Amino acid sequence: MPKGAARHTHAFPHDFWQTAITMETVSQLSQEIPVQPTGLPTASRETSSAAIPVRRTLVLTPSLRNSGGIQRYTRTLTRALEEILGSPNVRTIEAGDPRVSLRTGRVRLSALARLGFAWRAFCGAVGWRPDLIICTHLSLGPAGWAAKLVARSPYWIVLHGIEAWRELPYWKDVALKHADRVIVTSTFSREQVMRQHKIGSEPIWSLPCTLDDKLLSVTPAKNVRYPQLSHEQRVILTVARMDATEQYKGHDVVLRALSSVMEKVENLTYVIVGDGDDRPRLELLARELGVANHVVFTGEINDSELVALYQRSELFVLPARTVVGSPNPKGEGFGIVFLEAMAFGKPVVGPWYGAPAEIIRDGQNGFLVDPEDPASVAEALSRLLADPDVAIAMGKAGKNYVRANYSYGAFRQKLREALAI
């Protein structure tokens, strides 16, 4: 999470949508290629004052093979749908490709895989006749729109962040404009989508990310395998993928701030969780800055190790930069790792501009900083490390804030309200 998520930016070929197929043939093929149930346990349907009609809902998802934010959001959405509508009324079709990058963990869809996914979505719409279709990523929008035309059912599309902060290829733009509901995860994204794509506020519905409460019940690893993390060390933590295309996350800014903080704080170690093709550059930068002995690059780790590091750290920092108004926007669409850190009682340091600024209450559960300025980051880190009592109080405030506003129960209730309208 933490951990990032692959963004599929491929458009579907024009000629695919123009292929003529008889309804009889489609029905036969939809039986040959069945839509698979999600496999999640059936949960009892909760009661509510808002009446929810039983809806057969078809969820079109990107590959769920890795543990990025989009994948976790999709799993949470599917889980909530099953609990609200009943497991038999929710089915998923997952895009996938056996070619997974061992370096970044990203799944790249080949043209054949994209066509195969679109075909399965089309067949699923004909064979199952869902009452609602939900695409959990913009790249799946053309398939969702085609399924909508076949099933004559409304469809929703989920926008996570920068994939929707730019001009879109024709078919994605058409799919977005024809969505019956556009789900956004932050107010910042809502504003960008409305401005960029001239969409009114009526079809847009905010359904923020939620904390993965299962992470809180994971048993932390007992043996820390990093020799730099002795009991005397004071630990600051970043959890984020290190891809060359995502240098906006701000690892480099924290590294440049570290020397200044170390002048005031003894025995300081900066732990970076995650991996990617930008890691060699960051490791070199740490050596050039003379802080390499105070930086731990863990690479990809399991949840048990992640929980141990959240507990071991004193604070969390991710000064992710946000850039809009350009052909290549940058920034966090939400920043779910901030929720994770707060849930473990840690104060957080994040950017003053962008979606994460909606989560961080400056001076209450953390500090907002200029993500372009190492001095600003250094000042926030130093203030928290210099006064552990204040840091602990902020951590407690953040923990209560997450429980009240970003729990799974709050997510499910907001989804129920969307389904009831």
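# Reading burial, cores and phi

Biologist: Is Cys135 buried or exposed?

Modeller: Cys135 is buried, because its relative accessible area is 0% and the cut-off for burial is under 20%. Keep in mind that this is a predicted model.

Biologist: And Cys123, buried or exposed?

Modeller: Cys123 is buried too, at a relative accessible area of 0%.

Biologist: How many disulfides does the structure hold?

Modeller: The count is 0. A pair of cysteine sulfur atoms would have to lie within 2.5 Å to score.

Biologist: Let us step back to the whole chain. How many helices and strands are there?

Modeller: There are 14 helices and 13 strands. The chain has 421 residues, and 55% of them are buried. Its exposed area is about 17900 Å². Carbon and sulfur atoms supply 51% of that area.

Biologist: How do I read a nonpolar core?

Modeller: Start with the general idea. Nonpolar side chains tend to be buried together in soluble globular proteins. Now the case here. The largest nonpolar core has 57 residues. Leu81, Tyr310, Phe316, Leu415 and Leu419 touch the most other members.

Biologist: Which element gives the largest share of this core?

Modeller: Helix α11 does, with 7 residues. Another core lies apart from it and holds 37 residues. Val126, Leu159, Ala175 and Val182 are among them.

Biologist: Why is α11 described as largely enclosed?

Modeller: Count its buried residues. Helix α11 spans residues 336–343, and 8 of the 8 are buried, so the rest of the structure largely encloses it. The list runs Ile336, Val337, Phe338, Leu339, Glu340, Ala341, Met342 and Ala343.

Biologist: What covers the buried residues of α11?

Modeller: The cover includes helices α3 (69–85), α10 (303–312) and α13 (388–405). Strands β8 (234–239), β11 (315–317) and β12 (348–351) are also included.

Biologist: Compare a helix with a buried side. Which residues of α7 are buried?

Modeller: First the geometry. An α-helix has 3.6 residues a turn, so residues three or four places apart point the same way. Now α7, which runs over residues 187–197. Its buried residues are Phe188, Ser189, Gln192, Val193 and His197. They cover an arc of only 130 degrees around the axis, so they sit on the same side of α7. Their cover includes β5 (155–159), α6 (170–177), β6 (181–184) and β7 (204–206).

Biologist: How do I read phi?

Modeller: Most residues other than glycine have a negative phi. Positive values are therefore worth locating. Just after α7, Lys198 has a positive phi of about 55 degrees. After α11 comes Gly345, with a positive phi near 75 degrees.

Biologist: Where is Arg152 found?

Modeller: Arg152 is in the loop between α5 (141–151) and β5. Its phi is positive, near 55 degrees. Arg152 is exposed, with a relative accessible area of 77%.

Biologist: And where does Asn267 lie?

Modeller: Asn267 lies in the loop between α8 (251–262) and β9 (268–273). Phi of Asn267 is also positive, near 55 degrees. At 40% relative accessibility, Asn267 counts as partly exposed.

Biologist: Now a charged side chain. Is Glu83 buried or exposed?

Modeller: Glu83 is buried, at a relative accessible area of 12%. Its place is in helix α3. Check for a polar partner. The side chain of Glu83 makes a polar contact with the side chain of Tyr408, at 2.9 Å.

Biologist: How do I read pairs that are far apart in sequence?

Modeller: Set the sequence gap beside the C-alpha distance. Pro62 and His137 are 75 residues apart in sequence, yet 6.8 Å apart C-alpha to C-alpha. Pro62 is in the loop between β2 (57–61) and α3. Pro62 counts as buried, with 0% relative accessibility.

Biologist: Which residues does Lys414 touch, leaving out those up to four places away in sequence?

Modeller: Lys414 touches Trp205, Ser206, Leu207 and Pro208. The C-alpha atoms of Lys414 and Trp205 are separated by 9.6 Å, with their positions 209 residues apart along the chain. Lys414 belongs to helix α14, residues 408–420. Lys414 is partly exposed, at a relative accessible area of 30%.

Technical notes: Residues are numbered from 1 along each chain as its sequence is written. This is a predicted model: local features need pLDDT of at least 70, side-chain atom pairs count only at pLDDT 80 or more; totals for chains, interfaces and linings use all residues. Side-chain values use heavy atoms; hydrogens and water are left out. Buried means under 20% relative accessible area, exposed over 50%, partly exposed in between (1.4 Å probe, protein chains only). Helices (H or I, at least four residues) and strands (E, at least two) are DSSP runs, numbered from the N terminus. Contact means heavy atoms within 4.5 Å. A nonpolar core is a set of buried Ala, Val, Leu, Ile, Met, Phe, Trp, Tyr and Cys residues joined through side-chain atoms within 4.5 Å. A polar contact is a pair of N or O atoms within 3.5 Å; within protein, one must be able to donate a hydrogen and the other to accept it, and residues adjacent in sequence count only if both atoms are side-chain atoms. Accessible areas come from the Shrake-Rupley method with a 1.4 Å probe; for residues, only the protein chains shown count as cover. The arc is that of the directions from the helix axis to the C-beta atoms.
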